[in-house]
Amino acid sequence: MMFSNHKDLLGLKTATREDILKVLDLAKEMKKLVLSENKKSADLAGKSVVTLFYENSTRTRMSFELASKYMSASSANMTATASSVQKGETLIDTGATLDQMGVDVIIMRHNMSGAPHFLAKHVKASVINAGDGINEHPTQALLDLYTMREHLGEISGKKVAIVGDVLHSRVARSNAYGLNAMGAHVVFAGPTTLMPADDLSPLKAEYTSDIREAVKDADVVMGLRIQRERQKAGLFPSVREYSKFFGVNDEILALAKPGALLMHPGPVNRGVELSTMVADGEQSVIREQVQNGVAVRMALLKILTRRENL
Ligand code: CP
């Protein structure tokens, strides 16, 4: 079940294939509007949406804001660093304040794993997790699944290699849960110091420290950003060494299936996780991922504000 308490999207850990397909099918309709000359529907007329971000963002925050506007919601941004959070206001009091203002959906990013789950228990508004610590980033995984489906058709049975800082990556976790539900085969590759020590089994993924083994015959190669802001010092010797052993370049990508998709959630550290040649190359769908993010987030806002069949 993807939508918890009949109102929130907090993660994909319990998502089913049917839940995911419902979002992806609706996003396909929404993408037509994103690509049209008249980006306006009345789907969220009369609804209000607030982004509540305690961490920086470009893609997630902007795409939610544009999705809300394209669907005629009243939308507002709250940046924690420029709010009464700086005066010591608690998360519950912040949520209660937004509830009293009549907010229907709170889209939240926080550096603490579980913060959106906590907020969701204390507000009437729907809460969408826009990334919580190292836990989950469900809307990123849904847009990634959308992008894979658009190119590959059926995701079931496909091999997806996820390369890099898995330990600190909420994108890796949500993708693994979503890909498991869709029947894909997930292989993680990275330095042992950047792999979860004990929770790979719930993620149902293989792990190898050999990037070549992970990428061989893959249908999708997904690079992950090195999450420096979450790393303690010393998890790999140097950026140059990391790039040499775990960077995706044209030689590594050539080991995947012909025409395999190259993905990355962004922002990309060019020359570290991906070479510029592959990031901008023919197999890269990184820019499509961004475009699909708007459509997927429109679909989620529509589903959650209707609260139908959740
Ligand atoms: N992929 C992603 O979450 O990007 P932002 O941090 O720019 O939102």
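D217 is found in the loop between α8 (211-215) and β10 (220-223). Helices here are DSSP runs of H or I with at least four residues, strands are runs of E with at least two, and both are numbered from the N terminus. The model is a predicted one: local features need pLDDT of at least 70, side-chain atom pairs count only at pLDDT 80 or more, and totals for chains, interfaces and linings use all residues. Residues are numbered from 1 along each chain as its sequence is written, and side-chain values use heavy atoms, with hydrogens and water left out.

D217 has a positive phi of about 60°, although this residue is not a glycine. D217 counts as partly exposed because its relative accessible area is 41%. Buried means under 20% relative accessible area, exposed means over 50%, and partly exposed lies in between (1.4 Å probe, protein chains only). S72 also has a positive phi, near 70°, and is a residue other than glycine. S72 sits in the loop between α2 (59-70) and β4 (74-79). Its relative accessibility is 24%, so S72 counts as partly exposed. Another backbone feature involves P267. The peptide bond from G266 to P267 is cis, with omega near -5°. P267 lies in the loop between β11 (261-263) and α11 (276-279).

Strand β8 spans residues 185-189. Four of its five residues are buried, so the strand is mostly covered. Strand β7 (residues 159-163) runs parallel to β8, and five bridges join the two. Two strands pair if DSSP finds at least two bridges between them. One of the bridge partners in β8 is A189, which is matched with V163. Between β7 and β8 the chain passes through helix α6 (residues 170-182), and this β-α-β crossover is right-handed. Right-handed means that, with the strands pointing away from the viewer, the path from the first strand over the helix to the second runs clockwise. β8 also pairs with strand β9 (residues 206-208), in the parallel sense, over three bridges. Here F188 has Y207 in β9 as its bridge partner. In a regular strand the side chains alternate between the two faces of the sheet.

The ligand is considered next. The residues around the ligand are S57, T58, R59, T60, R109, H137, Q140, P265 and G266. Each has a heavy atom within 4 Å of the ligand. This shell divides into one nonpolar, six polar and two charged residues. Ala, Val, Leu, Ile, Met, Phe, Trp, Tyr, Cys and Pro count as nonpolar, Asp, Glu, Lys and Arg as charged, and the others, Gly among them, as polar. Polar contacts (pairs of N or O atoms within 3.5 Å) link protein and ligand. A backbone N or O atom of T58 lies 2.8 Å from an oxygen atom of the ligand. A polar side-chain atom of Q140 lies 3.0 Å from a ligand nitrogen atom. For P265, a backbone N or O atom lies 2.9 Å from a nitrogen atom of the ligand. On its own the ligand has 260 Å² of accessible area, and the protein covers 91% of this. Such areas come from the Shrake-Rupley method with a 1.4 Å probe.

Two helix residues complete the account. E150 is found in helix α5 (residues 138-152). E150 is partly exposed, because its relative accessible area is 38%. Its C-alpha atom is separated by 9.6 Å from that of L24, 126 residues apart along the chain. L91 is in helix α3 (residues 91-100). L91 counts as buried because its relative accessibility is 15%. The C-alpha atoms of L91 and P138 are 21 Å apart, with their positions 47 residues apart along the chain.

Technical notes. A polar contact is a pair of N or O atoms within 3.5 Å; within protein, one must be able to donate a hydrogen and the other to accept it, and residues adjacent in sequence count only if both atoms are side-chain atoms.
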